[in-house]
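Colleague: I'm new to reading protein models, and I'd like some help. Could we walk through one together, feature by feature?

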Amino acid sequence: MNSIGLLSIVLVYLGFLFLIAQWAERNRNSKWTNNPYVYSLSLAVYCTAWTYYGSIGVAADSGLNYLPIYIGPVIAFPLWIVILKKIIRISRVNKISSIADFISLRYGNSRFLGALVTVIALLAILPYIGLQLKAISETFHVVTQSTESSNIFLDTSTYVALILALFASYYGTRYVDASEKRKGMVTAVAFESVLKLFFFLILGLYVTYYVFDGFTDIYSQASVLEHFEKRNTIDGLEGAVNWMMLIVLSFFAIFLLPRQFHMSIVENNRERHIRTAIWLFPLYLLLFNFFVYPIAWGGNILFDGQDMNSDMFSLLIPQSRGNDFMTVLVFLGGFSAAISMIVVSSISLSTMLSNNLLIPYGFLGSLQKDNQERNNSRIVRIRRIGIFSLIILSFLYYRFFIMDFSLVSVGLISFVIVAQLAPAFFGALFWKRGSLIGAISGVFVGFSICFYTLLLPFFLSSLNPDSLFFKEGFWGFELLQPFQLFGLNYLDPVPHALFWSLFFNLMVYLAFSVSFKGNYRERNYAEMFVDIDKYITNHENAFVWKGTAYVSDIEKVLKRFLGEERTNRALHLFKMKYNIAPDNLMADARLIKFAENLLTGHIGTASAKILIDGVTKEDKISLPEVLKILEESKENITINKKLVETSNELKQLSGQLKEANFALLVKDKQKDEFLDTVTHELRTPITAIRAASEILHDDEDIPEAMRKQFLQNIISESDRLNRLIDKILDLEKFETGKQKISLTEQDIITTIANSIRPLQQLISNKKIYLEFNENQKAIKLYFDEERMIQVITNLVSNAIKFCDEKEGVIIISLQNNDTEYSVHIFNNGKGVNPNELEAVFEKFYQSSDQTIKKPIGSGLGLAICKQIIEAHKGKIWATNVEKGVTFSFTIPKQLID
């Protein structure tokens, strides 16, 4: 493929990513942009061009040594439930937007430490960004089969770098508040993560099953190659120690790389998303590495004896087969891996650069004089220029310093540099005694060791590969050999540098922290960081500050950066939260902390502190005072928490009491109605019997035909009275458990038919259409037939009463479920009030809906049905359906008496 064609594809692809990002920004609350899967996939920014190409190169040259870089994150992720949640909570309440802010705030909000962390990050990540540009450039030339021009203005990769710089500088600076969530960027990175994995898996399948005949074929051919066995073993104890150090290195990287901190902490908007990330991201790494080995050794087989760059095997294999389409797909996957790292890293670095170096050490004075619009415009411009400059500097670094180095070597060096933040970072989370002096000293010493054992040899080897410095050490002292410091000669250069730099870093951090106590501000933040769960709800209460400050002065500072409307709204919410009078003039420690947090997203923690300090007068506080105030704060927070919990419990109990009282009133009302109905029903047949009896007694000359009619009325009314009494007695027996059911094997079809038969005349008289198939296959179940007839008769009788008066329809059907049969009786009458679907089976029930006609009866029928069905271990319920209501009940298939 020619250069113009491939460059056009790249531009179209970048345009597509831009559209995705724009769409996500416009739909910030959409389920497609705001879910745990997008968050988890965005963490795959960890998988850069190093993963896409470098891992294959390592696997091809040294076998299994590519694995430790992925084992570390997999080990780290289960710990995220504890560690990452803690970091997220600390960052959220303090409006932290970078790892530099995080570390510097913990150690007393130190401006110098923030600047130091920023410098360390720049030294680590600029070569790493250069590494991505190197991968883009080299793969571009491989795909187009062109040579790299020594003139950077004639090299296509120069213009790719410019396009990326413009894209990142525009899209990474949409918000002046650096802690604001960038939904567009996160969604675009998540999409790239899916794409690069998909393309890599396609390549793996292509190489394994198209170029070769499966894994076995690759293994059998690779096993005869020279050094195969040696490359695919850990190489004893020495190899195991090297592996362990690389695992430690990648473990730290997943927490400390600025891009990982940004995506996992700053861009996290729900803690529960972590639960998805802890399984999805390791699965992602597993899938990504599944085909690394077959691709690497497939390349070794195909290009055995040829001088080929093993990093490029993923492109060279399909290209050698004439498959341009597959080659371009792989290139786009690698391009996605590279640009996601470049964009996220440049954004996070520019935030650190502006908030921890440029603003606090240069632009803060001028920002104090301008209004909100000009300040915000200048801050955005500083970051925009920062992003553009960082990418261009990384490109120049790649062109002039790392052209001849492998992808992995540059990446590992970056990891070792950023690992120097580990003692200060993890100490900030778990050790209250850690001090500013200890953190600064540890980072300085660790970086110095790293420079001597890794960076210096790295640069010297590019200038003079035969330098005696590697063999004789500094000033000829063999114990000072950079790759065998103090005689440690069994570690590779990267694990060796990591071991000694972290060892001295940690020892100095511990020794200086124990020897030199931090000031009250350090101890204050130490308590707030380590015990964040105690202060998460009212963290301003835990901030220790004594002095003189006016609300108006703080308000003026906030308006310069937030504007009048946002400042007024924020202060109003603050006063409501802490029940502070609107006309209060003096500011307390809570407002000081609140104001610093508001400014932090715009200008960083250090600059925010400087601005607030400029309009307040703080008194010095001794360490015992700090501890006393913190102890009181803890007690107040605990008391407040208990009060809130008690209040919530009382509200809940009050609600339950109201519901219970209302239910009792309803029951009482229903009971009254029931008693009235039962009394009426009992009185009616008794009155009829008495009237007929009196007529027969008083009139001896009554005709014989009329005498028989009156006697028949007495018998009918007696039967009616007897049925009513039987119902009441039945219900009482079922409720007290005295009533037993007699289970026998019966055909439910026959039972339904027998139940319907006595009602057929009534159904015909009312011109109701009844649908039931009596001739269907018998269904044998265990039930009490007499009681089941009672249930079906009652339900069908209800259906007759309530179905449509003009065109009544009743449909009886059965359904075979896993462990039971269900019987459904539908009628096309009015539905039941949705709030009373369960209440209809209560013994005191009469519908509260005045638009529905009251049934003729006592209201006991459905209550008895419920008791009978439950005695059969079944369920009964009512459901409103279209144009009617269905009453259903179940009978278990295997019912044991």
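Colleague: Let's start with a single residue: where is the place of Lys883?

Modeller: Lys883 sits in the loop between strand E8 (876–881) and strand E9 (884–892). Helices (H or I, at least four residues) and strands (E, at least two) are DSSP runs, numbered from the N terminus. Before going on, note that this is a predicted model, where local features need pLDDT of at least 70, side-chain atom pairs count only at pLDDT 80 or more, and totals for chains, interfaces and linings use all residues. Residues are numbered from 1 along each chain as its sequence is written, and side-chain values use heavy atoms, with hydrogens and water left out.

Colleague: Okay, and what is the phi of Lys883?

Modeller: General idea first: most residues other than glycine have a negative phi. Phi of Lys883 is near 65 degrees, a positive value in a residue other than glycine. Gln145 is another case, with phi near 55 degrees, also positive and also not glycine. Gln145 is in the loop between helix H7 (111–144) and H8.

Colleague: Is Gln145 buried or exposed?

Modeller: Buried means under 20% relative accessible area, exposed means over 50%, and partly exposed is in between (1.4 Å probe, protein chains only). Gln145 has 64% relative accessibility, so it counts as exposed. Lys883 is exposed too, with a relative accessible area of 68%.

Colleague: Now a helix: how many of the nine residues of helix H20 (residues 422–430) are buried?

Modeller: Eight of the nine are, so H20 is largely enclosed by the rest of the structure. Among the buried ones in H20 are Pro423, Phe425, Phe426 and Leu429.

Colleague: What about the nonpolar core: how many residues does the largest one have?

Modeller: A nonpolar core is a set of buried Ala, Val, Leu, Ile, Met, Phe, Trp, Tyr and Cys residues joined through side-chain atoms within 4.5 Å. The largest here has 205 residues, and Trp80, Phe102, Ile103, Phe255 and Phe425 have the most contacts inside it. Helix H17 (residues 324–367) gives the most to this core, with 21 residues. There's also a second, separate core of 40 residues, which includes Ile748, Phe772, Leu795 and Cys865.

Colleague: Which residues does Ile103 touch?

Modeller: Contact means heavy atoms within 4.5 Å. Leaving aside residues up to four places away in sequence, Ile103 touches Leu113, Val117, Leu421, Ala424 and Phe425.

Colleague: And how far apart are Phe281 and Leu43 in sequence and in space?

Modeller: Phe281 and Leu43 are 238 residues apart in sequence and 7.3 Å apart in space, C-alpha to C-alpha. Phe281 lies in helix H14 (residues 273–290) and, at 1% relative accessibility, counts as buried. Not counting residues up to four places away in sequence, Phe281 touches several residues, including Leu43, Tyr46, Phe77 and Ile254.

Colleague: How many disulfides does the structure hold?

Modeller: A disulfide is a covalent bond between the sulfur atoms of two cysteines. The cut-off used is a pair of cysteine sulfur atoms within 2.5 Å. The structure holds zero disulfides. As for two of its cysteines, Cys803 counts as buried at 4% relative accessibility, and Cys865 counts as buried at 2%.

Colleague: How many cavities of 30 Å³ or more are there?

Modeller: On a 1 Å grid over the protein atoms alone, a cavity is a set of points where a 1.4 Å probe fits but cannot get out, and a pocket is an open set with protein on both sides within 12 Å along at least five of seven lines; lining residues have an atom within 4 Å of a point. Grid points are joined across faces, edges and corners, and a volume is the space filled by probe spheres set on the points. The structure holds six cavities of that size. The largest has a volume of about 110 Å³.

Colleague: Which residues lie nearest the centre of the largest cavity?

Modeller: Phe167, Met185, Ala188, Glu192 and Val343 do, out of 13 lining residues. H9 supplies the largest share of that lining, four residues.

Colleague: And how much space lies in the second largest pocket?

Modeller: About 860 Å³. Its lining has 40 residues, with Ser62, Asn65, Leu412, Asp492 and Pro493 nearest the centre.
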